[in-house]
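Visitor: I would like a close look at a single part of this model. Please take one strand, the sheet around it and whatever packs against that sheet, and go through them in order.

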Amino acid sequence: MIDDEALKTLIYDLWRLWDIGERIGYTEGIANYYERLSKEVTEPQSSIYVNIAESMRGCHKVFDTLTWNRQKTKAIERVNLCRNKFCSNCVKLVQATRLKRMYGAIREAEQTKYLYHTVWTVPNVRGEELPQALSAMNEAFSTLVRYFSGRKKIKGADFSRYGFYAAVKSIECTYKNNGYYHPHFHAIFAFDFPFPTEGDITNKFSRSNSHPKYTVGENGESTEALRTFSEDVVFMQKLWRLLYDFRRARDNKVRKLNAAGLRYVPYNDVTEFESVSDDVVLDPVKRKYTRLCNSETVKAERVTLEKINGLDLGYSVIFDKVDGKSCYEVFKYAFKCMSENNSLMSYAQFKTLRSAFYHKQTIQTYGAWHNICVDEEIDEDISDAYRRYVDELNLNESPERRVERLIEVIRSGQEYGYTIISSSDLNQYLPAKADIESARKLEREHGRLDTRFFEKNVPKAFRKGPGRKR
């Protein structure tokens with residue numbers, strides 16, 4: 001017999017299925033954007049975008065199922081996936097895959113290391129600046145890790161006292177309707193020693209959406225709750241600002257040189273060019289003459305302890321101890337296709353994000369976790385618990401194999417009381433419904449979801465939502 005804990009990992013609750021139905025609507029909207037984009041380009045790119053749109057429209061709508069009618073159980077064996085980075089359903093599976101691959105390493109590190117969820121933020125940027133901002137952030141973070149690991153040093157600053165062990169970081173980018181984008185990193189750091197997070201320093205980052213706004217005293221009075229920082233965290237805020245700003249300044253210099261017809265060639269590459277005159281070189285491969293600017297003029301400014309201490313304020317950096325929620329934060333995808341008010345991103349936002357993240361790595365591991373693969377693939381391994389449970393079911397009844405729509409799978413559970421299980425090994429890594437209020441909100445809205453997103457002719461009794469009396 002399969003034990004109850006193993007069975008829990010298989011059960012696909014109705015709220016999760018309703019969430020899939022809601023997100024299908026956003027995927028439909030993005031499919032329309034790809035179709036619109038296909039009209040703005042020439043072949044063969046136009047046909048590629050049309051095919052992407054078709055694939056997205058079929059995503060998560062068709063399920064291969066096994067049904068044991070006497071035992072009131074339905075198994076989801078396979079789901080039609082589009083695997084597009086703008087598909088809200090597929091990116092949930094990417095998130096679960098990432099967490100699955102990292103889960104063992106994180107749990108192992110928790111036994112002997114000190115783990116922290118950190119957030120590294122930079123000022124909002126316009127859409128046209130987003131690619132440069134992402135590039136500067138990635139370079140700044142890589143330099144930061146080199147400081148922690150001891151491969152790069154700042155005179156007078158001792159990073160070895162933290163005992164860096166490993167890290168994993170991912171990019172998230174939210175956006176506003178005013179044309180600005182908010183890129184930031186979520187990261188988990190593992191150290192040999194505790195990182196000092198407790199302190200009494202307050203600054204403009206003490207008011208945070210991730211921190212409670214008010215605390216209630218013994219007499220019931222409420223006071224504003226401010227996040228306080230340690231000297232170490234404030235040091236990281238200032239260091240992060242210098243690393244990012246210096247790289248943005250260097251990139252701006254390079255762009256100005258390019259605009260002036262000058263080409264930046266890294267110092268190590270200059271020797272591969274044939275010198276023609278003081279400022280002209282010949283590329284031996286392309287046989288192209290190029291005016292050369294001294295590489296010294298485009299080096300990022302050096303970070304020193306004096307410059308760090310000379311800053312009044314850095315950029316927002318927070319350190320919190322790792323919990324279950326923060327794990328999901330780090331492994332979720334880089335952007336959502338719905339904005340903060342749950343409306344579909346605009347076509348302009350879609351084009352900006354698609355361009356900025358095209359062929360870009362959105363998650364990276366460091367240190368002891370460096371060799372763990374956390375790419376954008378979706379694991380479709382079949383759970384061992386699923387195999388055992390299906391064997392038990394088959395002892396009493398042969399299943400009926402079907403191809404069903406999402407709405408039919410939900411109806412089996414809601415109207416006919418079937419237990420819905422998943423064959424996927426990812427089921428246990430998918431985030432659960434955040435709270436009952438979110439569930440009730442979805443219930444209130446799903447009449448709108450039925451008509452707007454994936455079904456226009458659902459029976460009225462079905463529109464009452466999971467868990468409601470008819």
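Guide: What follows is a walk through one sheet and its surroundings, with a shorter look at two other parts for context.

The model is predicted. Its protein chain has 13 helices and 16 strands. Of the 470 residues, 48% count as buried. Among contacts in the protein chain with a separation of 6 or more, residues 24 or more positions apart account for 78%.

The part to look at is the sheet that holds strand β1. It is an open sheet of four strands, in the order β15-β1-β2-β16, and its pairing is mixed. The edges are taken by β15 (400–405) and β16 (419–422); each has a single partner strand, so one side of each is left without a neighbour in the sheet. From one strand to the next the twist averages 30 degrees.

Start with β1 itself. Five of the seven residues of β1 are buried, so the strand is largely enclosed by the rest of the structure. On one side, β1 (residues 62–68) runs antiparallel to β2 (residues 73–79), and six bridges join them. Two of the partnerships can be picked out by residue. Phenylalanine 63 has valine 79 of β2 as its bridge partner, and threonine 65 has isoleucine 76 of β2. The two strands form a hairpin with four residues between them, and lysine 72 in the turn has a positive phi of about 50 degrees.

On the other side, β1 pairs with β15, again in the antiparallel sense and over six bridges. Here leucine 66 has arginine 401 of β15 as its bridge partner. As general background, the side chains of a regular strand alternate between the two faces of the sheet.

Next comes the helix on the sheet. Helix α12 (residues 406–414) lies across β1, β2, β15 and β16, and runs at about 115 degrees to β15.

Helix α12 in turn packs with helix α2. As a general point, two packed helices are described by the angle between their axes and the distance between the axes. For α2 (residues 14–38) and α12 the angle is about 155 degrees and the axes are 10 Å apart. That makes α2 roughly antiparallel to α12, because the angle is over 145 degrees. The crossing of α2 past α12 is left-handed. From α2, the residues in the contact are Leu14, Leu17, Trp18, Ile20, Gly21 and Ile24; from α12, they are Leu406, Val409, Ile410, Gly413 and Gln414. These residues divide into eight nonpolar, three polar and no charged.

One residue ties several of these pieces together. Histidine 60 lies in the loop between α3 (45–57) and β1. Its relative accessibility is 4%, so histidine 60 counts as buried. Leaving aside neighbours within four places in sequence, histidine 60 is in contact with Ile20, Ile24, Val79, Asn80, Leu81, Asn89, Cys90, Leu93 and Leu406. Ile20, Ile24 and Leu406 also appear in the contact of α2 with α12, and Val79 is the bridge partner of phenylalanine 63. Histidine 60 and leucine 406 are 346 residues apart along the chain, and their C-alpha atoms are separated by 7.3 Å.

Two other parts can be set beside this one. The first is another helix pair, α4 (residues 88–112) and α9 (residues 324–331), which pack at an angle of about 125 degrees with their axes 9 Å apart. α4 and α9 are therefore oblique to each other, and their crossing is right-handed. Gln95, Arg98, Leu99, Met102 and Ile106 of α4 make the contact with Cys327, Tyr328 and Phe331 of α9. This set divides into six nonpolar, one polar and one charged.

The second is strand β5 (residues 164–175). Of its 12 residues 10 are buried, so β5 is largely enclosed by the rest of the structure. β5 runs antiparallel to β6 (residues 180–191), joined by 11 bridges, and cysteine 173 stands opposite proline 183 in β6. β5 and β6 form a hairpin with four residues between them, where glycine 179 in the turn has a positive phi of about 95 degrees. β5 also pairs with β14 (residues 363–367) in the antiparallel sense, over five bridges. There the bridge partner of valine 168 is threonine 365.

Notes: Residues are numbered from 1 along each chain as its sequence is written. This is a predicted model: local features need pLDDT of at least 70, side-chain atom pairs count only at pLDDT 80 or more; totals for chains, interfaces and linings use all residues. Side-chain values use heavy atoms; hydrogens and water are left out. Two strands pair if DSSP finds at least two bridges between them. Axes are lines fitted to C-alpha atoms, for helices over the stretch in contact, and angles run from 0 to 180 degrees between N-to-C directions. Contact means heavy atoms within 4.5 Å. Angles under 35 degrees count as roughly parallel, over 145 as roughly antiparallel, 65 to 115 as roughly perpendicular and the rest as oblique. A crossing is left-handed if the near helix is turned anticlockwise from the far one by less than a right angle, and right-handed if clockwise. Ala, Val, Leu, Ile, Met, Phe, Trp, Tyr, Cys and Pro count as nonpolar, Asp, Glu, Lys and Arg as charged, and the others, Gly among them, as polar. Buried means under 20% relative accessible area, exposed over 50%, partly exposed in between (1.4 Å probe, protein chains only).
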